[in-house]
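Here's a quick tour for anyone meeting this structure for the first time. Have a look at the model, and then we'll walk through some metal sites and a helix pair.

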Amino acid sequence: MNIKEWIFTTDHKRVGILYLIGSITAFAVAGVMALLMRAELSTIGPTITSNPSNYNVWLYAHGAVMILGFQIPALTGFFANYCIPLMIGAKDVAFPRVNALSVWLFYVGIILAVLTFFIPDPPDVMWTGYPPYSTISTGNTALYTFTVLILGFASIIGGVNFLTTVAYMRAPGLKWGKLNIFVWCTLGAFVLQLIFVPVLGTAVTLISFDKYLGTHFFDPAAGGDVLTYQNLFWFYSHPAVYVIFLPFIGVIYEIVTTFAKNPPFNYKMVVYGGIFGIVGLSGEVWVHHLYTSGMADWIRIGMMVTTLMISVPVGLMVIGLAGTLYKGSITFETPMLYALGVMFLFLIGGLTGIPLAVTSLTVHLSRSYYVVGHFHYVMAVAGTFAIFAGVYYWFPKMTGRMYNERWGKIGFWITFIGTNIVFWTMMDIGVKGMPRRYYDYSHMSQFEGAHQLMTIGAIILGIGFVIALINWIVGAIKGPKAGENPWGSKSLEWTTVSPPPHGNWPSPPVLEEGWSPYAYRRA
Amino acid sequence: MLRRIGASLSLAALSWHAAAADYPAAAAARAIKDPAAGWDHLWHEVLIDITIIGVIFALVMTYFLIRYRRKPGDPKTGSAPKLSPAAAVAWVVIPVFVFLADDLYIAANGWALWNNFRDVPADRMEVRLESGMYSWDYTYPNGVRTQNELRVPAGKAVMLRMTSRDTLHSHWIPDFRVKEDSMPGRITYMWFLPKQPGEHIVTCGAYCGIMHSYMAGKVIVLPAEEFKTWLDQEAARQGVAGKTA
Ligand code: HEM
Ligand SMILES: [Cu+2]
Ligand SMILES: [Cu+2]
């Protein structure tokens, strides 16, 4: 294997795998941060560090890296790159060199993000970076700003690339109405990135201007306003939740249809009701992150209604998944276990979000561990489980080999149990009054037992993830040969050899009359 | 009104000043409703609501998973029926209707409780709060100042008008189910109804800096008489105006 060939590759599959390697590395770094935090919180008072700044830096890095370095790149970088051209029967993406540029930029972004640990005074401003603290903190946030801008740019050119690819490079006869659900979901995610990333870029740039150039965008003493930043930030970062959600639920659709051997239940409902509905509503709900920030009453009430309405398209997508199981011929290999895990975690996460949509309930719930528990369920771990499900699912395609099924299942159950211990407990102590972003809780000693339980849970779930990683590495090196289509899927990516060669097929795949990526009944 | 809406659509809405003094005076006429009790009530209602939805989904999916698992000798393809156009539409319209109905029901209750949290009773004690890294500084109507300790009389609504001299903070009293941020350049408010004498923790909700987790204080609820005595003594001790309270 030639390293240079990989670095300068324009093959969408290799670009995808580079994204995967980078984002899993980011996941490992941010995961270590999580364990450090959990270790610190395992006793009242200082535990592994007596300097609260250390905790704050870990927390900042954990949040920022998990979202910007792990989940978004894994979902819109790895999965989109690897799967979309294969699913639509294309040789590659529309602009392969631009694609290579985007993965390079991604690595530059990751390296900048990791460099923050080696500069004096790393940032401690949380991934949200609210002023005034983020402009007066001694932490150096400039690298963070550049990371966001670079990753954002990578994501924008990726978005343009994939929209073009799907619009113009589908195999002859592949109509829009026959696209894989995953392809639709990813298109939705890229549309959101194209619209909203510039807003985040603006927000963090203005913060850097205020901090380093002496402007006063967010400084009330000079006529600026602190809330403007929060609005700009969440105007991007709420849609970003759907940038994560859409591709991951798309992955789950691919897996559930394959392992139930059924087409998705009510395809049009899922695409036009679910995906379009989410894309349409996603920009109208951001104020639910500012329910206790002194916004005007009318907008808090208005966005309570729009936020609750998100449950409609999301509910349709969950019905679509449940309905796909109906009269299936269901088997339970590792990818399916993770996919079912996602459905369970997402159900809990989604439903516990309903109280957080209600302004008057958030006066108690917001800024508490209840929020932290909720968003880990709905996005952080549900998304991570989906990424693991997808990597297991496409593993034989990527490597041509099979992972170990037994260890796959063991890893799943360990992670699943640990996850619920940690994040259920978080929601519980949150309702009872535990605020988030606390290095210490000495005035709330009643929560010590719960914190210890969570630390144990975090270790358990970490072990499960490590088992999965080892399973992949071992499987990629010496797993048994997998063949073209080990899962018996009908989707196009399984019609070429594993791993597919550069160009994917010797000649473009020909679709027979009545073909669909989910045409199981005709088999 | 139209101008108000127009302005709100523009980016200016982003910096809309929360009308801190804008609570309807009509609230005075009504008997005082305790928002904390309303919070507990609505929380339980929503909890029951989401539990029912969750249990239904979980049961249906578990049933499908058991009933339709592939047993030896089963066909290797599923046999989901093809939806007729009418059924496909019904599977959108009915769930949308059910979800929307539930959403609007929750929203209506949430709105009512919200009004309760925002309409401050006319018969109240107003205290000013300035937060700073890392303390809560209270000023009573008669000029008495305290730090990290808010003494209040039992049975009387307490309103805080809040601002901050540095970063964002969030005055959270978990026992009274209420928090709101304080920030430089703006005035926000909150109120609560302390019913019985006792002590309650105040803790900072918004990440405000390195010592954020140590920014704690107390609400101490005293019997009305005792409170009055304390306030007068403090006024004398601090040499402030005295009995304007
Ligand atoms: C895998 C195991 C994980 C564990 C044990 C874990 C644990 C934690 C803990 C303890 C906190 C800090 C709570 C606080 O002090 O307020 C936190 C915050 C956070 N986590 Fe995780 N986490 C995990 C995975 C993830 C993943 C996969 C994501 C991906 C999006 C994620 C995103 C976040 C974010 C955004 C925050 C908030 C950061 C902030 O307050 O600024 N976490 N997590
Ligand atoms: Cu504070
Ligand atoms: Cu604080």
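Which residues are the protein donors of the copper ion (ligand 3)? Keep in mind that this is a predicted model.

## The copper ion, ligand 3

The protein donors here are B:Cys204 through SG, B:Ala206 through O, B:Cys208 through SG and B:His212 through ND1. They sit 2.0 to 2.4 Å from the copper ion (ligand 3). Along the sequence, the spacing of these donor residues reads C-x1-A-x1-C-x3-H.

What about the geometry? The 4 donor atoms around the copper ion (ligand 3) subtend angles of 86 to 120 degrees, so the arrangement is tetrahedral.

## Its copper neighbour, ligand 2

Move 2.6 Å from the copper ion (ligand 3) and you reach the copper ion (ligand 2), with B:Cys204 coordinating both. The protein donors of ligand 2 are B:His169 (ND1), B:Cys204 (SG), B:Cys208 (SG) and B:Met215 (SD), at 2.1 to 2.5 Å. Here the angles subtended by the 4 donor atoms run from 89 to 135 degrees, which makes the arrangement around the copper ion (ligand 2) irregular.

In sequence, the donor residues of ligand 2 follow the spacing H-x34-C-x3-C-x6-M. B:His169 belongs to strand β6 (residues 169-173) of chain B, while B:Cys204 belongs to strand β9 (residues 198-204) of chain B, so this pair ties together parts that are 35 residues apart in sequence.

## The iron in chain A

Over to ligand 1: which residues coordinate its iron atom? They're A:His62 and A:His376, each using NE2, at 2.0 Å. Around the iron atom of ligand 1, 6 donor atoms subtend angles of 87 to 179 degrees, and that makes the arrangement octahedral.

This histidine pair links distant parts of the chain, 314 residues apart. A:His62 comes from helix α3 (residues 52-87) of chain A, and A:His376 from helix α14 (residues 369-399) of chain A.

## Two helices side by side

Chain A also has a helix pair to look at: the axes of α2 (residues 12-40) and α16 (residues 448-478) come within 9 Å and cross at roughly 160 degrees. That angle is why α2(A) counts as roughly antiparallel to α16(A). Their crossing is left-handed.

Who meets whom? The α2(A) side includes A:Ile24, A:Phe27 and A:Leu35, and among the residues they face in α16(A) are A:Met454, A:Phe465 and A:Trp472. By class, this contact has 10 nonpolar, 2 polar and 1 charged residues.

Conventions. Residues are numbered from 1 along each chain as its sequence is written. Chains are lettered from A and ligands numbered from 1 in the order in which they are written. This is a predicted model: local features need pLDDT of at least 70, side-chain atom pairs count only at pLDDT 80 or more; totals for chains, interfaces and linings use all residues. Side-chain values use heavy atoms; hydrogens and water are left out. Axes are lines fitted to C-alpha atoms, for helices over the stretch in contact, and angles run from 0 to 180 degrees between N-to-C directions. Helices (H or I, at least four residues) and strands (E, at least two) are DSSP runs, numbered from the N terminus. Angles under 35 degrees count as roughly parallel, over 145 as roughly antiparallel, 65 to 115 as roughly perpendicular and the rest as oblique. A crossing is left-handed if the near helix is turned anticlockwise from the far one by less than a right angle, and right-handed if clockwise. Contact means heavy atoms within 4.5 Å. Ala, Val, Leu, Ile, Met, Phe, Trp, Tyr, Cys and Pro count as nonpolar, Asp, Glu, Lys and Arg as charged, and the others, Gly among them, as polar. Donors are N, O and S atoms within 2.8 Å of the metal (3.2 Å for Na, K and Ca); water is not among the atoms, so sites may look incomplete. Four donors count as tetrahedral if all angles lie between 85 and 135 degrees; four count as square planar and six as octahedral if opposite donors are over 155 degrees apart and all others between 65 and 115; anything else is irregular.
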